[in-house]
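Thanks for making time this morning. I would like to walk through one model with you, starting from a single residue and working outwards, so please bring it up on your screens.

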Amino acid sequence: MKAENWEQIRQAFHAAIDLPPEKRGPYLDQACPDAALRQEVESLLNAHREAGDRLDNASLKATADVFLDSSDPWIGTFIGPYQVIASIGKGGMGAVYRAVRVEQQYVKQVAIKLLRPGLGDDSYQRRFMNERQIMASLDHPNIARLLDIGTIKGLPYYVMEYIEGEHIDDYCDHRRLTTRARLALFLQVCSAVQYAHQHLVVHRDLKPQNILITSEGAPKLLDFGIAKPLDPEIFLQTTALTVANMKPMTPEFASPEQIRGEPITVSSDVYSLGVLLYRLLTGHSPHYTESKQLHDLVRVISESEPVRPSLVIDRVTEETDGEGRLIQLSPEGVSQVREGQVDSLRHRLKGDLDNILLKALRKEPERRYGSVEQLAEDIHRHLDGRPVTARKDTIRYRTMKFAQRHKTGVAAAVLAVLSLIAGIVATSWQAHIAKVERAKAERRFNDVRHLTNALIFDMEGAISELPKSTAARKLLLDNALKYLDSLAQESKGNVELQRELASAYKKLGDVQGYPFQGNVGDSAAALASYRKVVQIRETLITEDSDDKDDRHALAEGYRALGQMQITTGDLSGALSSANKALSIMKPLADAYPGEFKMLDELENAYELVGDIQGGNGASANLGDLPGALANHTKALEVAQQALRLFPDDPSAQRAVAIYELKIGEDQVEQGERSLGVENYRKGLEIYQALAAKSDNPRIARDLPLIYTRIGNAYLIEGKFKEAVENYRSAFELQEKTGTEAGNALARVDFATTEALMGQAIAEAGDRTGGLTQLNRAINTIEHEAALDPLHVEINRALGLLYVWRGQILTRSGNLDSALADYRRTASIFGKIVASDPQDTDTAINLAAANTKIADTLLSMGDLIAALDAYRKAIAVAEIHAHSVPPNVQSQYTLADAYSGMGNTFLSQAAKSRTSGNRAKQWIEARDWFQKSFAEWKQIRNPGVMSPGGFDTAGPSFVSQKIADCDANLKEPVPAQPAE
Amino acid sequence: MGAQGAMGVTRLLAQWAEGDRQAMEELLPLVYDELRRLARSYLQRENPGHTLQSTALVHEAYLRLVDQDVSWQSRAHFFGIAAQMMRRILVDHARAKHAEKRGDGACRVTLDEGLLSTESCDVNVLALDRALTRLAEFDRQQSQIVELRFFAGLSIEDTAEILKISPATVKRDWAMAKAWLHREMQA
């Protein structure tokens with residue numbers, strides 16, 4: 001049939017159809033002379049008759065499966081070798097089906113996740129690909145295994161093992177598992193999550209519905225559907241970079257940073273695991289709101305602290321579960337499926353588990369466990385009965401050190417790295433590159449921009465949060481490094497870019513070297529980065545030698561290098577770096593004496609050299625105290641110069657104060673306590689002025705510490721009245737925070753000051769008054785120690801306080817009580833050393849305590865025991881007294897212990913019946929006293945007390961004893977009868 | 001979908017009526033989804049073996065999606081779309097089903113009782129679809145009439161109104177189309 005005929009046919013048909021059938025023929029004869037045409041029309045008329053009029057009422061009927069299936073066309077179809085049976089659920093990106101494959105004798109069930117049609121958009125496809133890549137890389141008995149991947153009709157899918165099981169919370173409740181059993185199960189979950197983290201995957205949606213327990217009792221983790229890859233390679237392949245905006249998470253289990261849309265890290269999984277464990281162990285949610293509104297829940301999650309598990313079980317409330325049913329929660333109810341009795345459950349949760357859970361649920365990621373591994377380890381420790389690391393939420397106990405001037409906060413450092421890299425991008429890079437290279441540059445530009453974005457939005461947290469042991473952190477930093485290195489290649493000859501690069505390397509080094517979570521930073525990597533900084537900056541100097549800023553930056557680089565070398569123990573390297581910094585800054589500061597940053601860097605260089613020579617608190621140093629003093633003094637001079645330029649600048653004032661204090665420390669270290677006090681006072685004055693002007697909490701905190709230092713110097717010197725005065729000043733300043741509830745460490749500080757004061761008062765002559773103070777202080781600290789028995793700093797303080805009290809009791813002649821106190825101290829210190837063999841300070845203090853015990857035993861006449869205790873003390877003290885540089889407390893202890901040995905032999909001598917024996921004892925005793933005296937000679941300007949506050953007899957006592965022995969030995973020795 | 005959908009569809013229809021071709025793009029999926037959704041809910045109410053009238057579906061979708069005081073133009077557009085949708089749905093499904101089944105040659109091709117039973121013989125729908133496509137090459141109006149009447153179940157009068165032709169013409173064209181299709185599908 002031809003188209004042009006159609007209209008003719010149509011016309012003819014129209015006319016014919018209106019006619020009664022018998023009239024049609026004749027009509028056609030007339031209207032269609034063309035035979036073919038007529039045939040056509042007739043044929044149609046026939047067909048019309050055949051078709052009948054049923055179609056007039058035609059309504060399309062279809063059987064049900066048409067529509068059922070077309071709303072889900074996959075059911076019944078085959079995807080690969082699997083036939084789809086039913087739909088399990090729909091996710092954001094795809095649907096999940098249950099499918100089977102008949103294999104020989106059995107039917108294998110699988111779950112298939114298929115990308116939703118209609119999402120043909122590239123970015124969705126890519127994200128789906130990501131999921132597949134994630135799943136493919138995970139192979140763990142507790143993670144639903146990936147079996148197969150493919151595409152069907154252009155849609156990607158993956159096949160996973162089909163898991164049938166109970167949600168973990170139901171499983172535990174139905175079987176009434178005890179706390180221990182629940183913890184064991186939880187640890188398996190942790191192992192799976194940790195495994196995922198090691199493969200650079202954060203789950204992000206850990207909740208009971210995603211953790212099934214099979215009939216064999218094995219946990220299986222499901223639905224890494226919104227899991228996030230941390231691998232920058234995968235990440236950089238995604239084009240549409242979105243700041244994490246994942247809705248499909250369950251609010252209850254989401255971490256505060258997820259709720260706020262902030263970058264997610266492995267720490268977020270730690271948080272979710274914390275919520276899970278909280279539920280498993282108590283039955284309650286850690287977030288409690290009266291209203292069930294979402295925004296209230298969100299607020300509670302990001303702002304409120306959860307109640308301690310051991311207390312929350314007493315709460316009576318109701319909740320709706322996942323299916324909308326109302327559940328009553330009561331103490332009896334939650335206990336029944338756990339430990340049985342309410343008291344049993346409470347007892348079980350109190351202490352370790354309380355602390356572990358609270359630590360996992362901290363609002364700030366950096367204060368949680370750094371990794372799932374650490375959480376699991378703490379649980380293991382708890383199950384084994386060992387001390388856990390989780391502590392009550394207290395501010396870090398301050399050692400008596402002053403704040404560093406140049407601390408790099410990790411957040412600041414990371415942001416700085418990133419903004420610098422971004423800065424490289426922002427700098428008109430393209431302007432520097434010839435047009436010919438534009439394409440290459442643009443590709444590079446995009447790469448860097450991706451890296452920047454990736455770093456900013458997702459890796460910022462990851463870099464600082466992942467524990468060092470994870471390859472991931474290294475990978476991330478390595479990638480940043482790779483980019484910088486390749487940029488370095490391309491930027492040769494481009495001075496501006498080189499400068500940017502050097503800054504970026506510096507900041508990268510700061511991040512790499514930063515110690516966090518109790519781990520030491522990656523010093524080797526940081527060193528390498530700093531070396532690059534220095535290398536680049538050196539080239540800039542020779543090429544563009546007049547630029548003072550370049551020189552300044554070079555000096556800064558050497559300083560960073562030097563600081564890192566101290567950390568790694570390379571003191572000679574550190575010194576060389578520091579000296580280089582100094583040699584650059586001296587002429588520079590001379591040439592630009594009006595520029596603050598020049599003076600600042602110069603004084604930093606002096607300070608660094610001084611620190612290396614004389615130490616800075618506890619860090620390694622060369623033991624060259626005079627050198628340290630000289631350089632710190634120079635630093636002070638420069639700081640004073642800077643202050644003259646900017647007399648009102650508080651940081652310039654604080655710099656001067658700090659150097660005065662450092663000089664004071666150097667002098668006290670050398671035994672020049674009076675001079676030291678003078679310098680402390682100068683620093684103090686400045687601090688007082690600063691405190692009066694501003695509310696800076698750091699200054700307020702440092703002020704009483706300065707008074708205490710001064711007090712200590714006086715105490716050791718034997719100037720007790722002055723010591724008391726200064727302690728009292730510290731005491732008064734600390735009184736406000738020290739008596740506040742909720743701040744345990746401030747209370748401990750305060751109590752320590754009170755104890756020092758008590759000690760000084762007693763030494764000054766008022767033993768009763770001193771003892772009263774000391775007892776009060778001990779009460780306070782005993783109370784704190786009872787609340788937090790594993791807190792090392794609190795226990796250290798308590799140990800010292802017992803010794804100080806013991807000493808006062810000894811003076812009063814109350815030997816039994818004194819011995820009891822010394823023994824308490826030894827016991828406390830012994831426990832600390834046992835759990836942390838690296839704690840040399842406490843080991844040394846333990847030796848000192850043992851010496852005190854020995855002294856007392858000797859006074860009570862128990863010579864054997866005394867000897868034993870002295871020997872124990874000597875064994876430890878010898879090591880540290882003879883190290884380089886020597887530990888001063890050790891030296892005192894050693895000297896006292898030797899002299900104690902001498903005294904013991906003198907007592908032996910007194911007991912001897914024969915003069916021959918007596919002489920032997922005196923010779924032995926004199927040997928020991930001489931050893932003691934030799935030790936005393938090593939100590940510069942010894943005081944009446946050692947740095948730890950232990951009483952000491954001093955060298956004059958010892959030399960007197962030597963003289964006594966000599967005198968005794970000079971007496972003629974009568975002929976010895978045979979023994 | 002709900003209220004928001006209704007507004008959206010109405011607006012889009014109006015826009016399309018004014019010549020906005022983009023509106024059509026947006027409209028299609030909305031209508032499509034609604035039809036399928038309705039179908040699903042229908043069938044879940046009855047037991048699965050039961051048959052369903054697609055016309056009822058389309059009318060209900062219309063009621064749900066479009067504001068009632070809309071212009072007849074919009075109404076025409078809606079049904080035009082809905083009809084095409086239904087055709088799509090059925091044909092797609094038939095194709096999918098047909099691809100899995102093997103050897104269906106024993107099917108008799110009939111338009112039997114107005115029942116296009118996709119269960120017994122998928123080829124029907126496909127054959128119809130093919131035939132209809134061919135018809136459209138010759139006579140667009142006739143294929144539209146078939147679509148509206150077959151897939152959207154509109155009456156002669158409604159069809160006439162929508163296509164802006166006389167009911168008599170619709171009747172005649174309908175007759176011819178029926179005949180032609182019948183003949184075409186027999187071949």
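Where in chain A is Gly623(A) found? Gly623(A) sits in the loop that lies between α25, residues 596–614, and α26, residues 625–645, of chain A. Please keep in mind, here and throughout, that this is a predicted model. With a relative accessible area of 33%, a value between the 20% and 50% cut-offs, Gly623(A) counts as partly exposed. In sequence Gly623(A) and Ile612(A) are eleven residues apart, and their C-alpha atoms are 8.4 Å apart in space. If we leave aside the neighbours within four places in sequence, Gly623(A) is in contact with Gln613(A) and Pro885(A).

Let me now step back to the chain as a whole. Its secondary structure comes to 39 helices and 14 strands, and 53% of the 979 residues of chain A count as buried. Among the contacts in chain A with a separation of 6 or more, 64% are between residues 24 or more positions apart. The accessible surface of chain A is about 43400 Å², and carbon and sulfur atoms account for 51% of that surface.

From the surface, we turn to the interior. The largest nonpolar core holds 128 residues, of which Tyr687(A), Ile781(A) and Trp804(A) touch the most other members. The largest share of this core, ten residues, is supplied by helix α33, residues 792–811, of chain A. As for Ile781(A), its contacts beyond the neighbours within four places in sequence are Val748(A), Ala751(A), Thr752(A), Ile794(A), Ala797(A), Leu798(A) and Leu801(A).

My last stop is helix α39 of chain A, which runs over residues 955–970. How far apart should the ends of its 16 residues be? At 1.5 Å a residue the expected span is 22 Å, and the end C-alpha atoms lie 23 Å apart, which agrees. The buried residues of α39(A) are Val958(A), Lys961(A), Ile962(A) and Cys965(A). Viewed down the axis of α39(A), these buried residues fall within an arc of 100 degrees, and therefore they line one face of the helix. On the other side of α39(A), by contrast, Ser956(A) and Lys970(A) are exposed. The cover over the buried residues of α39(A) includes α37, residues 888–911, and α38, residues 915–938, of chain A.

That is where I will stop, and I am glad to take questions.

Key:
Residues are numbered from 1 along each chain as its sequence is written. Chains are lettered from A and ligands numbered from 1 in the order in which they are written. This is a predicted model: local features need pLDDT of at least 70, side-chain atom pairs count only at pLDDT 80 or more; totals for chains, interfaces and linings use all residues. Side-chain values use heavy atoms; hydrogens and water are left out. A nonpolar core is a set of buried Ala, Val, Leu, Ile, Met, Phe, Trp, Tyr and Cys residues joined through side-chain atoms within 4.5 Å. Buried means under 20% relative accessible area, exposed over 50%, partly exposed in between (1.4 Å probe, protein chains only). Helices (H or I, at least four residues) and strands (E, at least two) are DSSP runs, numbered from the N terminus. Contact means heavy atoms within 4.5 Å. The expected span of a helix is 1.5 Å times one less than its number of residues. The arc is that of the directions from the helix axis to the C-beta atoms. Accessible areas come from the Shrake-Rupley method with a 1.4 Å probe; for residues, only the protein chains shown count as cover.
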